[in-house]
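Here's a quick tour of a few local features worth pulling up in your viewer. Grab the structure and follow along.

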Amino acid sequence: MISAQLIKEIAKKAGAELVLFPEDALSGNYYKLGSRQVESEYQEKCRDAELALEELSKGIEILVGNSDAFDECMYSHYVDGNMEGWEHDFEVYSAEQEFTLGKEISVNAFCEKFVRGSNKPIVYVSAVGTNNSGKNIYALDGASRVYDKSGKVVFRMPQFEACEALVEITKSKVKVLSKIKTAKVQEPIAQIHDALVYMIRENLAKFHIGRMGIGASGGIDSAVSAVLYAEAIGAANVYLVNMPTRFNSNTTKNAARDLAKNLKCPYMVAPIEDMLTAVCDSLGKCSFERSDKKIAVEGINFENLQARTRSASVLVTIASVLGAGVTCNGNKSEATTGYCTLYGDTCGVMCALGDLWKTQVYELARYINRKKEIIPKASIEIPASAELSDAMKVDEGKGDPIKYPYHDKLFAYWVDANHGLADTEALLQKGTLCKVIGADAAYFKKLFKNKAAALEDMRAWHRRFRGIALAKRIQFPPILSVSGSAFGGEYTESQG
């Protein structure tokens, strides 16, 4: 209650009549608290907080948005609420809405409609902080604002930043008395960037994790992750580890080194070729009883061994020595298709990019480099590749089987827009697939010789999406949610 006391003192000194707090300012979000909501200690703290606010409200009115943990109401209420006969020229809408892209538009539309019904200004009060559901982490972005009686935003507080402002509303006229300037609405990719950094910082603090280890491959995903974590907890606390094999090109190895140099992060090269050879040779000498099955680790099994050795063995061990956590650098495209290795690159404390399509990861990289080159040019320009075999040599233009400019649009139609395979098959047959999902028609024609080839490709990815990829997704680390359709949270799945 120290912060509330301070706010009261600031408000009284300024001659304010009313102090507004956002929804769940006392209790936290009832639906995201899990079993804590029934703990006697938690309930006692809620009661103590209400009593403290009652004491603070002497001499000034305090309005708190509240979702009562006991009667599950979600209405604003007045603490020491003797508001009878109090004349006011505005309405209050208190919210604890989680950040998603497009939230700004929906909130403005709601408040404009509210204004038309009341013909009064509206003060929209929104919390700053984070929530989590166990499988997903969410940002509460704040951005509280005041609308005049025409529905126009006349003052807006910044996103992802706790602050206060003094506003005077007299006869439906709004005047901002604080020196704080109204915050501009940022472009979508900037909002995504700020949301991810904020969620990383806040939740690592909750987990009491001050250092992170990141597998730096030289590719785009690990590079963007490294930047986000460095911004969140400081570059000195982000340890980048490059773990090459004979399949890793000098291009990507140099890109990983250059990234660490640009960020000024601790950096180490830990080759894993000898480890892989030792495992393969050791297992090759072993045999089963009552079976003649030999363990020859090759092909896809050798590719998976590389990923597991890097993440679940080397990186986790290094992190353990450092007293650090490890990241999952996976993105939404990979999660949708299961293009990842279970207990390998899916390991991690959290998955920062898990709600971003690969094409969005590239967009975020370009945003990060908007003023100067932080992410090496090579990481952005080389083909996206896991570099796990000779078939994935980036210097020869070889890379992932997912063709992101097209497949991201297809996958988003399934996941973000909630359409099934039958819907996309029908669009393909009609010749309207690219137009409806927003894919580039010329690029599509380069990928597929005919509709039959496109249909086969579509069905193959959908089988993975509904099959093996599901088994991997339900074991993913917590995903930072920004889209409103993140796996594990808004996009719920059954194992059946």
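What follows looks at one strand and its neighbours, then a surface patch, then two backbone oddities. Keep in mind that this is a predicted model.

Let's start with strand E13 (residues 238-242). Is this strand buried or exposed? 5 of its 5 residues are buried, so E13 is largely enclosed by the rest of the structure. Val238, Leu240 and Asn242 point one way, while Tyr239 and Val241 point the other way.

E13 has a parallel partner in strand E12 (residues 212-215), joined to it by 4 bridges, with methionine 212 opposite valine 238. Together with helix H5 (residues 220-233), E12 and E13 make a right-handed β-α-β unit. E13 also runs parallel to strand E14 (residues 267-269), with 3 bridges between them; here asparagine 242 pairs with valine 269. The chain gets from E13 to E14 through helix H6 (residues 250-263), and that β-α-β crossover is right-handed too.

Out on the surface, Val279, Leu283, Phe288 and Ile295 make a nonpolar patch of about 300 Å². Phenylalanine 288 sits in the loop between helix H7 (273-284) and helix H8 (300-322), and counts as partly exposed at 48% relative accessibility.

Now for the backbone. Most residues other than glycine have a negative phi. Here are two with a positive value:

| Residue | Phi | Loop | Relative accessibility |
|---|---|---|---|
| Glutamate 387 | about 50 degrees | between H11 (377-381) and H12 (404-415) | 3%, buried |
| Asparagine 418 | near 60 degrees | between H12 and H13 (421-430) | 57%, exposed |

So glutamate 387 is buried, whereas asparagine 418 is exposed.

Notes
Residues numbered from 1 in each chain as written. Predicted model: local features only at pLDDT ≥ 70, side-chain atom pairs only at ≥ 80, totals over all residues. Heavy atoms only, no water. Helix = DSSP H or I, 4+ residues; strand = E, 2+ residues; numbered from the N terminus. Buried < 20%, exposed > 50% of the residue type's maximum accessible area, 1.4 Å probe, protein only. Patch = residues over 30% accessible without salt bridge, like charges linked within 9 Å, V, L, I, M, F, W, Y side chains within 5 Å. Areas by Shrake-Rupley, 256 points an atom, 1.4 Å probe, with all protein chains shown as cover. Salt bridge = Lys/Arg side-chain N within 4 Å of Asp/Glu carboxyl O. Pairing = 2+ DSSP bridges. Right-handed = clockwise from strand over helix to strand, strands pointing away.
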